[in-house]
Amino acid sequence: MMVCPNCGEENPERASFCLACGSVLRAQDSAEQERRIVSILFCDVAGSTSTAERLDPESVRAVMADYFSAMTSVIERHGGTVEKFIGDAIMAVFGFPRLHEDDALRAVRAAVEMLQALGPLNETLHREREVSIAVRIGVNTGEVVIGDPSARQVLVTGDAVNVAARLEQAAGTGEILIGQTTYGLIRDAVVAEAVEPLALKGKSDPIPAWKVDRISAEGPGLLRRGRSPLVGREREQRLLADTLGRVTREQRCHLFTIFGSAGVGKTRFVNEVIEGASGDSWVLRGSCLSYGEGVAFRPLVEMISDAASITPQDSLDRVTGKIASLVSSIGSEVSITESLTRLFDPAAATGTPEETFWAVRKLFEALARRRPLALFFDDLHWGEPALLDLIDQVAEWSRDVPMLIVCAARPELLERRPGWGGGKLNAVSFQLSALTAEESHLLVDNLAGESGLIDDLRTKLVRVTAGQPLFIEEMVAMVADETNTTKDVRILGARDQLPV
């Protein structure tokens with residue numbers, strides 16, 4: 001057995017990724033280098049020379065210390081690691097030491113918030129020292145080598161790092177430029193504009209790049225390619241579909257929880273089954289985040305926004321009106337509307353948890369009486385305690401309504417809530433396992449299409465991805481992106497592009 005250095009989970013020897021937390025399983029030899037797909041962020045101060053000329057060295061040092069502190073705080077809040085400071089520049093890594101399913105999006109979210117964080121920082125710097133800071137940022141995703149036995153710190157090297165640095169240098173003041181692979185992973189989650197391909201130092205051909213305007217509030221948190229039918233999930237599909245049918249027949253609320261490691265395909269599985277079996281059901285979705293501000297009830301905000309057609313551009317008064325219209329036939333409309341509207345207003349005085357729980361349950365029950373309701377809470381292992389309590393209460397106390405509450409979570413949810421779903425007659429839980437080698441081969445072939453992969457490359461890809469569908473999708477996509485100019489995936493067998 002191989003023990004994960006991140007969470008301590010025991011894994012089979014063939015696994016390259018931890019089946020519990022998704023971390024790469026490194027060999028015990030500390031001198032061994034490691035290959036990994038990560039997202040690299042470079043941020044540098046624009047015009048720092050002129051600022052330094054106007055200040056004495058001690059003041060410059062204080063200004064840069066405040067800048068480094070503010071930027072580091074944003075990076076770490078989004079799950080990144082500051083790899084090094086290079087003069088006025090910051091290099092950060094997303095995907096090491098902890099792997100997340102959405103590291104590319106985390107890196108770009110961090111970049112956007114770093115620009116936003118300059119506002120209050122510059123107000124303070126201008127008031128105290130009459131200076132301000134402007135930055136430019138580059139983000140790129142690709143394969144790197146991590147670790148250097150001769151160095152005292154982690155060393156991340158590779159072409160992906162060089163391209164990220166070049167993107168930052170090519171960006172204008174206050175701009176974020178991202179590379180092709182990063183854009184391909186998050187294009188449905190950002191508003192970005194393609195720029196002229198960049199002639200970067202050290203690159204023989206111009207490099208495609210995109211300028212990020214903002215994170216799209218309507219977009220998904222992670223782009224799933226989804227070019228293959230579900231593979232190896234027949235029994236699980238029947239179980240979830242049968243439960244949805246039972247909810248409708250019995251007019252009862254059921255709690256259905258899918259556990260699985262990072263990348264095993266929980267989100268794709270739930271979406272496909274619900275869309276295929278829901279019929280006239282009303283499906284509302286919400287995702288939990290492990291970072292950011294005001295995330296406690298974010299899934300509820302997403303669900304209510306979908307049900308009431310609330311958009312990010314709506315004023316608070318308009319949000320109130322749409323919620324009031326949605327709950328108009330419930331009774332106690334004013335109290336319910338006030339409680340739900342507070343979820344959309346971070347500045348509002350919060351009501352008691354009991355008021356919020358009651359209002360949310362009444363809303364969901366009212367929607368379910370109109371037509372069967374399926375609520376999908378994704379990434380519930382990141383859910384705040386208050387959200388977990390609310391879901392538990394809705395499942396326990398909703399009566400005589402066809403409502404299915406589907407939760408997708410990593411096993412660590414059970415470390416926080418060992419009794420999750422226990423003691424309920426209307427609760428089902430199961431674990432979504434990694435694909436077998438045969439199923440992984442089938443998924444690779446489905447994703448590669450007619451161009452196919454040569455046997456050696458297919459076998460290697462199946463081995464390093466350890467049956468995790470998300471990693472298989474992204475590895476195949478990476479191979480395809482690398483050969484986009486040739487339109488022939490098969491030639492990559494000799495180029496050994498995959499981590500060993």
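In this predicted model, the largest cavity encloses about 110 Å³ of space, and the structure holds 1 cavity of 30 Å³ or more. The lining of this cavity is formed by 13 residues, and those that lie nearest its centre are Leu230, Val231, Arg268, Leu443 and Pro469. Sorted by class, the lining comprises 7 nonpolar, 2 polar and 4 charged residues.

Strand 13, which spans residues 373-378, is largely enclosed by the rest of the structure, because 6 of its 6 residues are buried. In a regular strand, the side chains alternate between the two faces of the sheet. In strand 13, Leu373, Leu375 and Phe377 point one way, whereas Ala374, Phe376 and Asp378 point the other way, and the residues of both sets are all buried.

Strand 13 pairs with strand 12 in the parallel sense over 6 bridges, and within this pairing Phe376 of strand 13 is the bridge partner of Arg285. Strand 13 also pairs with strand 14, which covers residues 403-409, again in the parallel sense and over 5 bridges; here Met403 of strand 14 is the bridge partner of Leu373. Between strand 13 and strand 14 the chain passes through helix 12, and the resulting β-α-β crossover is right-handed.

Strand 12 and strand 13 are also among the elements that cover the buried residues of helix 8, together with helix 9 (316-326), helix 10 (333-342), helix 11 (353-370) and helix 12 (385-397). Helix 8 itself runs over residues 298-308, and its buried residues are Pro299, Leu300, Met303, Ile304, Ser305, Ala307 and Ala308. An α-helix has 3.6 residues a turn, so residues three or four places apart point the same way. Helix 8 is followed by Ser309, for which phi is positive, near 60 degrees.

Elsewhere in the chain, Leu125 is placed in helix 3, which extends over residues 103-129. With a relative accessible area of 0%, Leu125 is buried, since the cut-off for a buried residue is a relative accessible area under 20%. When residues up to four places away in sequence are not counted, Leu125 touches Val63, Asp66, Glu130, Val131 and Ile133. The C-alpha atom of Leu125 is separated by 9.6 Å from that of Tyr67, although these two residues are 58 residues apart along the chain.

Terms used: Residues numbered from 1 in each chain as written. Predicted model: local features only at pLDDT ≥ 70, side-chain atom pairs only at ≥ 80, totals over all residues. Heavy atoms only, no water. 1 Å grid on protein atoms, 1.4 Å probe; cavity = no way out; pocket = protein on both sides within 12 Å on 5 of 7 lines; lining within 4 Å. Points joined across faces, edges and corners; volume = space filled by probe spheres on them. Nonpolar A, V, L, I, M, F, W, Y, C, P; charged D, E, K, R; others polar. Buried < 20%, exposed > 50% of the residue type's maximum accessible area, 1.4 Å probe, protein only. Helix = DSSP H or I, 4+ residues; strand = E, 2+ residues; numbered from the N terminus. Contact = heavy atoms within 4.5 Å. Pairing = 2+ DSSP bridges. Right-handed = clockwise from strand over helix to strand, strands pointing away.
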